[in-house]
Amino acid sequence: MSYFNWQTCYDDLFKHLEQQNHGAWATQIRQQLTQRFDETPHGDVPRWQNALNLLPPLPNVQPRLDAPAVTLRVGQTLTREQSADLETGLRGLMPWRKGPFDFFGIAIDTEWRSDWKWNRVAPFLADLHGRQVLDVGCGSGYHCWRMHGAGAARVIGIDPGLLFLFQFLAVKNYLNDAPVDLLPLRIEDLPLKLQAFDTTFSMGVLYHRRSPLDHLLELKDTLRNGGELVLETLIIEGPEGASMMPEDRYGQMRNVWFLPSCATLLRWLDRCGFVNARVVDVTATSTEEQRSTDWMRFNSLQDFLDPDDPSRTIEGYPGPLRATLIANKPN
């Protein structure tokens, strides 16, 4: 048996899926999580669970999900012991890569300023109020909380990284009733032709896929007719048809396969059957947006760039340039 009692984490999600006529998907998730946690448990789960257990129970927690940091507040001042346990527990879940977060006055300065990406994307989204939303490759769930804060009725994030799940639960355990969940799954673990979501986000995933067109088709399958895809990925500058495949690593990242130009990516979306595809943002990633911090003490972007020419990666490729595109599944 697993040290982590995952069943209690997803009771509300299973009820929701059954109400939405996705009972078969709920059954599939139960089977996948049984295998993940009970049959082949990760060796670090007890350590992460112990860190989570240190977080003090607090009544009447009030979140703020529309600010740069996903913020939790409570009416009373924490005791010295509560504050110490809180920080010890949160540091037991390091490294924190996507954020920032603020737990009752303890600010977690994450590696990525994910709020900057949200600020670039949010002005171009269809109104999220009342929408069912999927976030593919959601990391710690930072953007899931921002999506709910923007009005989404239900947000499901998927990411296979188990540490990300426990970082998400550090927030979720204080907001049990929030309709936001994170499943430690990959997109290929979802049912075919799911068609369950009004908006699907895929941010920072496409370049890790050996077959980018298959990924776009998988994303399309998650959407209801007329649904919106929000796609953010690394690109290169160039005309239609241009695409770069790194020889090995890109910016010290493994499993980086294709960096297309925006024009190429628009053609891919068109060939995959999306409509109304448009580029809404192109931004170079800076060392102010991605950097080492006290909460993520490993190497970061500055270590992955050529020290003599920071416009290029350490391998000699063009430096990281990210584009956000929005497209729709036809009605």
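In this predicted model, four strands come together as an open sheet, arranged in the order 1-2-4-5 and with mixed pairing. The edge positions are taken by strand 1 (62-64) and strand 5 (106-108); each has a single partner strand, so one side of each is left without a neighbour in the sheet. From one strand to the next, the twist averages 15 degrees. Within this sheet, strand 2 (residues 70-73) and strand 4 (residues 101-103) run parallel and are joined by three bridges. A convenient place to look for this pairing is Leu72, whose bridge partner in strand 4 is Phe103.

Further along the chain, strand 11 (residues 223-235) makes a good landmark. Strand 11 is mostly covered, with 10 of its 13 residues buried. Two pairings of strand 11 can be followed here, one parallel and one antiparallel. The parallel pairing is with strand 10 (residues 197-203), to which strand 11 is joined by six bridges; here Phe197 stands opposite Leu223. The antiparallel pairing is with strand 17 (residues 321-328) and extends over eight bridges, with Glu228 of strand 11 standing opposite Asn328 in strand 17. The connection from strand 10 to strand 11 is also worth tracing: together with helix 8 (residues 212-222), these two strands make a β-α-β unit, and the unit is right-handed.

Attention can then turn to helix 5 (residues 114-121). Six of its eight residues are buried, so helix 5 is largely enclosed by the rest of the structure. The buried set consists of Ser114, Asp115, Lys117, Trp118, Arg120 and Val121. Charged side chains are thus represented in the set by Asp115, Lys117 and Arg120.

Empty space inside the model was examined as well. Rolling a probe the size of a water molecule over the atoms shows where empty space is left. The count comes to one cavity of 30 Å³ or more, and the volume of the largest cavity is about 60 Å³. Its lining brings together His16, Leu17, Gln20, His22, Trp25, Gln132, Ile156, Ala196, Phe197 and Arg224. Sorted by class, these lining residues comprise five nonpolar, four polar and one charged. The cavity also leads back to the parallel pair described above: Phe197, one of the lining residues, is the residue that stands opposite Leu223 in strand 11. Arg224, which likewise lines the cavity, falls within the residue range 223-235 of strand 11.

Terms used:
Residues are numbered from 1 along each chain as its sequence is written. This is a predicted model: local features need pLDDT of at least 70, side-chain atom pairs count only at pLDDT 80 or more; totals for chains, interfaces and linings use all residues. Side-chain values use heavy atoms; hydrogens and water are left out. Buried means under 20% relative accessible area, exposed over 50%, partly exposed in between (1.4 Å probe, protein chains only). Two strands pair if DSSP finds at least two bridges between them. A crossover is right-handed if, with the strands pointing away from the viewer, the path from the first strand over the helix to the second runs clockwise. On a 1 Å grid over the protein atoms alone, a cavity is a set of points where a 1.4 Å probe fits but cannot get out, and a pocket is an open set with protein on both sides within 12 Å along at least five of seven lines; lining residues have an atom within 4 Å of a point. Grid points are joined across faces, edges and corners, and a volume is the space filled by probe spheres set on the points. Axes are lines fitted to C-alpha atoms, for helices over the stretch in contact, and angles run from 0 to 180 degrees between N-to-C directions.
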